[in-house]
Amino acid sequence: MAIGRENEFLATHVNRAHVDEGLRQYMLQVYNYMCAGLVLTGLVAYAVANTEILRNFIFGTPIYWLVMFAPLIFVFIYASRIERMSVSSAQIGFWAFATVMGMSLASVFLVFAEASVARVFFITASVFGGMSLYGYTTKKSLSGWGSFLFMGLIGVIIAMIVNMFLGSSALHFAISVIGVIVFVGLTAYDTQRIKETYYAGDDQAMVTKKAIIGALKLYLDFINLFIMLLHLFGNRE
């Protein structure tokens, strides 16, 4: 009996170690995709902002409106179809989205001083890193945050649309503050949800697609947090 219990304990311990290592590799893959996407977005944004032909083509023609709204349309279509895509198609879609987002964010380098953009980027990275680590390590369930954060997100979107017509600086400031709170919370919430989607029995293709979906969520959290913080702390040219 003692030997049987010992064997059972060892088997459980080995299985748990296997799951922990698999989870670590899975989350590492999520963060690698997210970081690579951010690097691609940053390079594209900088290139567009500093290349006269591209800058004039995008921001000097009606193409501007297409570029501005393309990421929103793209992400809805991509997110709704990614589970049915092959791994290669999901990867291509992710890189394509990061490129389109970079074209859209080129305006950041035209509006804000580069030193200011860099400073806010590192602030964003620090806040994001801390909250993502919290979401990954905490034993407390963050599921209760979901409805609150979703309502906050909807409120921010509606307020942004309204302020496009009002042009209120006070409302703009309020949107940025609330937006920071919402995306800080979403960073921790999404990290925990991504961690919970890991399943040791998934094949490699499924693990990769789950990692890309998770990376997309964290990528969007980072980008939106960066934009909100830039509105609060960025120095305009």
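A pocket is an open set of grid points with protein on both sides within 12 Å along at least five of seven lines. The model used in these exercises is predicted.

**Exercise 1. The largest pocket**

Task: Give the volume of the largest pocket and describe its lining.

Solution.
Step 1. Start with the space. The largest pocket holds about 2200 Å³.
Step 2. Find the centre. The lining has 50 residues, and Leu72, Ile157, Met160, Asn224 and Ile227 are the closest to the centre.
Step 3. Find the helices. Those that give two or more residues to this lining are α3 (63–81), α4 (87–104), α5 (106–111), α7 (145–166), α8 (169–196) and α9 (204–233).
Step 4. Sort by class. The lining of the largest pocket has 36 nonpolar, eight polar and six charged residues.

**Exercise 2. The second largest pocket**

Task: Which element gives the most to the lining of the second largest pocket?

Solution.
Step 1. Take the volume. About 330 Å³ of space lies in the second largest pocket.
Step 2. Go to the centre. Among the 15 lining residues, Gly42, Phe109, Val117, Phe121 and Phe226 come closest to it.
Step 3. List the candidates. At least two lining residues come from each of α1 (2–50), α5, α6 (114–137) and α9.
Step 4. Pick the top one. With five residues, α1 gives the most to this lining.
Step 5. Add the classes. The lining of the second largest pocket divides into 12 nonpolar residues, two polar and one charged.

**Exercise 3. The fold in outline**

Task: How many helices and how many strands does the protein chain have?

Solution.
Step 1. Count the elements. The protein chain has nine helices and zero strands.
Step 2. Read them in order. From the N terminus on, the run is α-α-α-α-α-α-α-α-α.
Step 3. Box the chain. Along the principal axes, the C-alpha atoms fill roughly 80 × 35 × 30 Å.
Step 4. Check burial. Of the 237 residues in the protein chain, 37% are buried.
Step 5. Check contact range. Take the contacts with a separation of 6 or more: residues 24 or more positions apart account for 86% of them.

**Exercise 4. The nonpolar core**

Task: Which residues have the most contacts inside the largest nonpolar core?

Solution.
Step 1. Name them. Tyr26 and Tyr219 have the most contacts inside this core of 57 residues.
Step 2. Locate the core. Two or more of its residues come from each of α1, α3, α4, α5, α6, α7, α8 and α9.
Step 3. Find the main supplier. α9 gives the most to the core, with 14 residues.
Step 4. Look around Tyr219. Leaving out residues up to four places away in sequence, Tyr219 touches Met34, Gly37, Leu38, Thr41, Phe97, Ala98 and Met101.

**Exercise 5. Ring pairs**

Task: Classify the pairs Tyr26–Tyr198 and Tyr46–Phe109.

Solution.
Step 1. Know what to look for. A pair of aromatic rings is described by the distance of the centres and the angle of the planes.
Step 2. Set the scene. The whole structure has 11 aromatic pairs.
Step 3. Take Tyr26 and Tyr198. Their ring centres are 5.5 Å apart and their planes are at 35°, so the pair is tilted.
Step 4. Place this pair. Tyr26 is in helix α1 and Tyr198 is in the loop between α8 and α9, so the pair ties together parts 172 residues apart in sequence. Both Tyr26 and Tyr198 are buried.
Step 5. Take Tyr46 and Phe109. Here the centres are 5.5 Å apart and the planes are at 85°, so the pair is edge-to-face.
Step 6. Place this pair too. Tyr46 sits in helix α1 and Phe109 in helix α5, 63 residues apart.
Step 7. Look for a cluster. Ring pairs link Tyr33, Phe94, Trp95, Phe97 and Tyr219.

**Exercise 6. Buried or partly exposed?**

Task: Are Tyr46, Val108 and Ser116 buried or partly exposed?

Solution.
Step 1. Recall the cut-off. Buried means under 20% relative accessible area, and exposed means over 50%.
Step 2. Test Tyr46. Its relative accessibility is 39%, so Tyr46 counts as partly exposed.
Step 3. Test Val108, in helix α5. Its value is 9%, so Val108 counts as buried.
Step 4. Test Ser116, in helix α6. Its value is 1%, so Ser116 counts as buried.
Step 5. Add the neighbours. Leaving aside residues within four places in sequence, Val108 is in contact with Val117 and Leu230. With residues up to four places away not counted, Ser116 touches Leu230, Phe233, Gly234 and Asn235.
Step 6. Add a distance. The C-alpha atoms of Val108 and Tyr46 are separated by 9.0 Å, and the two residues are 62 apart along the chain.

Methods. Residues are numbered from 1 along each chain as its sequence is written. This is a predicted model: local features need pLDDT of at least 70, side-chain atom pairs count only at pLDDT 80 or more; totals for chains, interfaces and linings use all residues. Side-chain values use heavy atoms; hydrogens and water are left out. On a 1 Å grid over the protein atoms alone, a cavity is a set of points where a 1.4 Å probe fits but cannot get out, and a pocket is an open set with protein on both sides within 12 Å along at least five of seven lines; lining residues have an atom within 4 Å of a point. Grid points are joined across faces, edges and corners, and a volume is the space filled by probe spheres set on the points. Helices (H or I, at least four residues) and strands (E, at least two) are DSSP runs, numbered from the N terminus. Ala, Val, Leu, Ile, Met, Phe, Trp, Tyr, Cys and Pro count as nonpolar, Asp, Glu, Lys and Arg as charged, and the others, Gly among them, as polar. A nonpolar core is a set of buried Ala, Val, Leu, Ile, Met, Phe, Trp, Tyr and Cys residues joined through side-chain atoms within 4.5 Å. Buried means under 20% relative accessible area, exposed over 50%, partly exposed in between (1.4 Å probe, protein chains only). Contact means heavy atoms within 4.5 Å. Rings of Phe, Tyr and Trp (its six-membered ring) pair if their centres lie within 6.5 Å; planes under 30 degrees apart count as stacked, over 60 as edge-to-face and the rest as tilted.
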